[in-house]
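Good morning, colleagues. Please take a moment with the sequence and the structure before I begin.

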Amino acid sequence: KDHDELAPLPERLKLCEDITPDPRMKITAVEANLPTRYTADTLSHIVQRNPDVKFVWLMGADNLGQFHQWERWHDIANLIPFAVIDRPGSTMALHHAPAAVSLAHRRIDEDDASMLATQKPPAWTFLHGPRSSLSSTAIRAARVKESRE
């Protein structure tokens, strides 16, 4: 992966740890050392090597609107349950995003989100709540700008 893309990784991990006090969630950067290019390959690798772990993949709602354009997005949806985390300005993606529309029949109610890890994929939920404007893309862009100055 591109060096600039990995530069903010420690900061991103720290931010995730700070907002994730649940001991059932383990924050890692395992993907930084994998020879994978696409999310579908990374998730497949992780799931295959941890067959006894019940994973839930987290995606920001800002990505839901373009998820249908991702490489093998159907494979991702069929591999692992996922939760879409509401982001400022992205709530409408829940109703209009092509992937959300396509998978609407497999969406579980937010009140049942605690059961998501046990659901057979495709299974997903949309989580409303306190919104964060933190963006990994913005963090990377700021880091690149900072390194050029």
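Helix α2, residues 9-19, contains both Lys14 and Asp18, set four residues apart, or about one turn of the helix. The two form a salt bridge, and their closest N and O atoms are 2.6 Å apart. Lys14 has a relative accessibility of 46% and counts as partly exposed. Asp18 is likewise partly exposed, with a relative accessible area of 49%. As a general remark, side chains of opposite charge can pair when their charged atoms come close.

I should state at once that this is a predicted model. The average pLDDT for the protein is 83, and 79% of the residues score at least 70. Where is confidence lowest, and where is it highest? The lowest value belongs to helix α1, residues 3-6, with a mean of 41, and the highest belongs to α5, at 98. Over residues 1-7 the pLDDT stays under 50, and for that stretch the model has eight contacts beyond four places in sequence.

Let me return to the charged pairs. How many salt bridges are there by the rule applied here? The count comes to three. Besides the pair in α2, Arg72 forms a salt bridge with Asp41, the closest N and O atoms being 2.6 Å apart. Arg72 lies in the loop between α4 and α5, whereas Asp41 belongs to helix α3, so this pair ties together parts that are 31 residues apart in sequence. Arg72 also forms a salt bridge with Asp75, here with the closest N and O atoms at 3.0 Å. Through shared partners, Asp41, Arg72 and Asp75 are joined into one network. As to exposure, Asp41 is partly exposed at 28% relative accessibility, Arg72 is partly exposed at 33%, and Asp75 is partly exposed at 40%.

Helix α3 offers a further residue to consider, namely Thr42. Is Thr42 buried or exposed? At 11% relative accessibility, Thr42 counts as buried, because the cut-off for buried is under 20%. Neighbours within four places in sequence aside, Thr42 is in contact with Glu31, Leu34 and Thr36.

I now turn to the interior. In soluble globular proteins, nonpolar side chains tend to be buried together. In this model the largest nonpolar core has 20 residues, and those with the most contacts inside it are Trp57, Leu64, Phe67, Phe82, Val84 and Trp124. Which elements give two or more residues to this core? They are the helices α3 (39-49), α4 (61-64), α5 (73-79) and α7 (98-102), together with the strands β1 (57-60), β2 (82-85) and β3 (124-127). The largest share, three residues, comes from α5.

Phe82 shows how such a core residue is surrounded. Not counting residues up to four places away in sequence, Phe82 touches Val56, Trp57, Met59, Phe67, Ala77, Leu103, Leu116, Ala123, Trp124 and Thr125.

One of those neighbours, Val56, leads to the surface. Val56 is found in the loop between α3 and β1, and at 31% relative accessibility this residue counts as partly exposed. Together with Met25 and Leu58, Val56 makes a nonpolar surface patch of about 230 Å². Val56 therefore appears both in the list of residues that Phe82 touches and in that patch, at a relative accessibility of 31%.

How values were computed
Residues are numbered from 1 along each chain as its sequence is written. This is a predicted model: local features need pLDDT of at least 70, side-chain atom pairs count only at pLDDT 80 or more; totals for chains, interfaces and linings use all residues. Side-chain values use heavy atoms; hydrogens and water are left out. A nonpolar core is a set of buried Ala, Val, Leu, Ile, Met, Phe, Trp, Tyr and Cys residues joined through side-chain atoms within 4.5 Å. Buried means under 20% relative accessible area, exposed over 50%, partly exposed in between (1.4 Å probe, protein chains only). Contact means heavy atoms within 4.5 Å. A salt bridge is a side-chain nitrogen of Lys or Arg within 4 Å of a carboxyl oxygen of Asp or Glu. Patches are made of residues with over 30% relative accessible area and no salt bridge: like charges are joined within 9 Å, nonpolar side chains (Val, Leu, Ile, Met, Phe, Trp, Tyr) within 5 Å. Accessible areas come from the Shrake-Rupley method with a 1.4 Å probe; for residues, only the protein chains shown count as cover. pLDDT is the predictor's confidence in each residue, from 0 to 100.
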